[in-house]
Amino acid sequence: MSIELITFIVMLGVFLVGCFACKLPVSLSMVLSSIGGVIVGGFIGGLDLTLMDALRHLVEGMFSYVDTILVISTAMVFMKVIEASGALDAVSSVIIEKFHKLPALMLCLIMIIVMFPGMITGSSTASVLSAGSIMAPVLMMMGVPALETASILAMGGILGMIAPPTNLPAMIIGAGIDIPYSGFELPLALLTFPLAFVFVLMFAYKYVKKMDYEAVKNKLNTESRKKYGFRVYIPIIVAIILMVVSKMVPAFSIGMPLVFLISAIVGCFTGYKVNLAKVAKDSINSVLPVMGILMGVGMFIQIMTLTGVRGLIVTSCLSLPGWALYVAMAVSMPLFGAVSSFGSASVLGVPFLLAFLNKEEIIVAAALSLIASLGDMMPPTALAGIFAAQVVGLEKYTPVLKKCLVPCLMIIIWGILFILGANVLEPFIILT
């Protein structure tokens, strides 16, 4: 047995013991597994490391995703500001008011609202706990049962974290082979929005088409819209304009973190009074677990690379025959994602992307990120599913998982189809 394989077994073992036996946070378990990897693969494995070398690699790994962490933290501040200012309530109420006679279109727009926090933060949890908590009572008022509502929130959260403009798993996969996060917008949109619309119609259309609008109308929160009018939407419009300008005119690109901060500051003056300091503190507290996981993942990957474990996984993936590669990808990425969808993207996404280098890499990376996202539905962590169940008041998460099995299978199939047709799709969906 090679030292690389022994190191990988030790790292995985320490992680599992930390997570499941000691009930430690995922981020701390990854740190401990990285330290275990350094000890076994670095000191015992004969890399001739000094203590200072080991510490340097651990710290370097911890800051591998500092840019991504900045995007998450500033995006969550923006999300909390527009929630506190009344903008989210205004958007949801106007959609129901204007489109209640077109239930299919209304449901699709509601799904976009659910996805929106994930689209800008890259976190499924942000979608479920912010926009999801606002839209869940609205959906249930329309007659959608709690289980179906939870399933919509869970799937909306997962697809929101993959939809453009911010997709953390795709960023992580791309960083693994130095692909800049550019040109992903259309592939990610085609991977996520069609599925999102299918899922929300699958779960809710038969209930909403019989909705009594007059009964629902009186329960909608329209106060912010009536009090502040058009100006309540300004921070969202500013964010969209800045994002578009940054993409269309690279010379004026100010970066996503600054886009979100500017839009958040604008949002403090367009609706209800917002205490920016308090909102910022609450926002950072809510995304600390995600940021911690990213720091742990960075350290984990740095040590895997240092000790040769990552090379072992890459060569193992590359040696698989074609059909086995797709089966391994469909099974291993969601299951490993139970640890962390970000960890799945980095540990497995990069090797699988290397195995498909004969295909258009942006489309393949986008599709792999979609499959990796299913980790947020896999027990025991199952962030999207568990929080969705809590938001609607369900005691157990298991019924949500069972309800979402078919959508999860559809996500895997959809992602594989994009990988199979990557070279055919390239001229149509890669914008240059």
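## A pair within one helix

E60 and R56 both belong to helix α3, which covers residues 51-62, and they sit four residues apart, or about one turn of the helix. In this predicted model, the two residues form a salt bridge in which the closest N and O atoms are 3.2 Å apart. Because its relative accessible area is 38%, between the limits of 20% for buried and 50% for exposed, E60 is described as partly exposed. R56 is likewise counted as partly exposed, with a relative accessibility of 41%.

## A second pair within a helix

K278 and D282 both lie in helix α16, which runs over residues 276-307, and they too are four residues apart, about one turn of the helix. Their salt bridge has its closest N and O atoms 3.1 Å apart. D282 has a relative accessible area of 34% and is therefore partly exposed.

## A pair that links distant parts of the chain

Which residue meets E148 in a salt bridge? The partner is K403, with a distance of 3.0 Å from N to O. This pair joins distant parts of the chain, since E148 lies in helix α9 (residues 146-162) and K403 lies in helix α22 (residues 398-403), 255 residues apart.

Is E148 buried or exposed? With a relative accessibility of 8%, E148 counts as buried, because the limit for that class is under 20%. K403, on the other side of the pair, has a relative accessible area of 32% and is partly exposed.

## Charges over the whole chain

The salt bridges in the protein chain come to four by the rule used here, and the three pairs described above are among them. The chain carries 23 positive and 20 negative side chains, and the centres of these two sets lie 14 Å apart.

## The chain as a whole

The protein chain contains 24 helices and zero strands, and its C-alpha trace spans about 70 × 45 × 45 Å along the principal axes. A compact globule of 432 residues would have a radius of gyration near 22 Å, and the protein chain has 22 Å, so the two values agree.

Of the 432 residues in the protein chain, 54% are buried, while the chain exposes about 17800 Å² of surface, 70% of which is supplied by carbon and sulfur atoms. When contacts between residues at least 6 apart in sequence are considered, 79% of them join residues at least 24 apart.

Technical notes: Residues numbered from 1 in each chain as written. Predicted model: local features only at pLDDT ≥ 70, side-chain atom pairs only at ≥ 80, totals over all residues. Heavy atoms only, no water. Helix = DSSP H or I, 4+ residues; strand = E, 2+ residues; numbered from the N terminus. Rg over C-alpha atoms; globule rule 2.2 N^0.38 Å. Buried < 20%, exposed > 50% of the residue type's maximum accessible area, 1.4 Å probe, protein only. Contact = heavy atoms within 4.5 Å. Areas by Shrake-Rupley, 256 points an atom, 1.4 Å probe, with all protein chains shown as cover. Lys, Arg positive; Asp, Glu negative; His and termini not counted. Charge placed at Lys NZ, Arg CZ, Asp CG, Glu CD. Salt bridge = Lys/Arg side-chain N within 4 Å of Asp/Glu carboxyl O.
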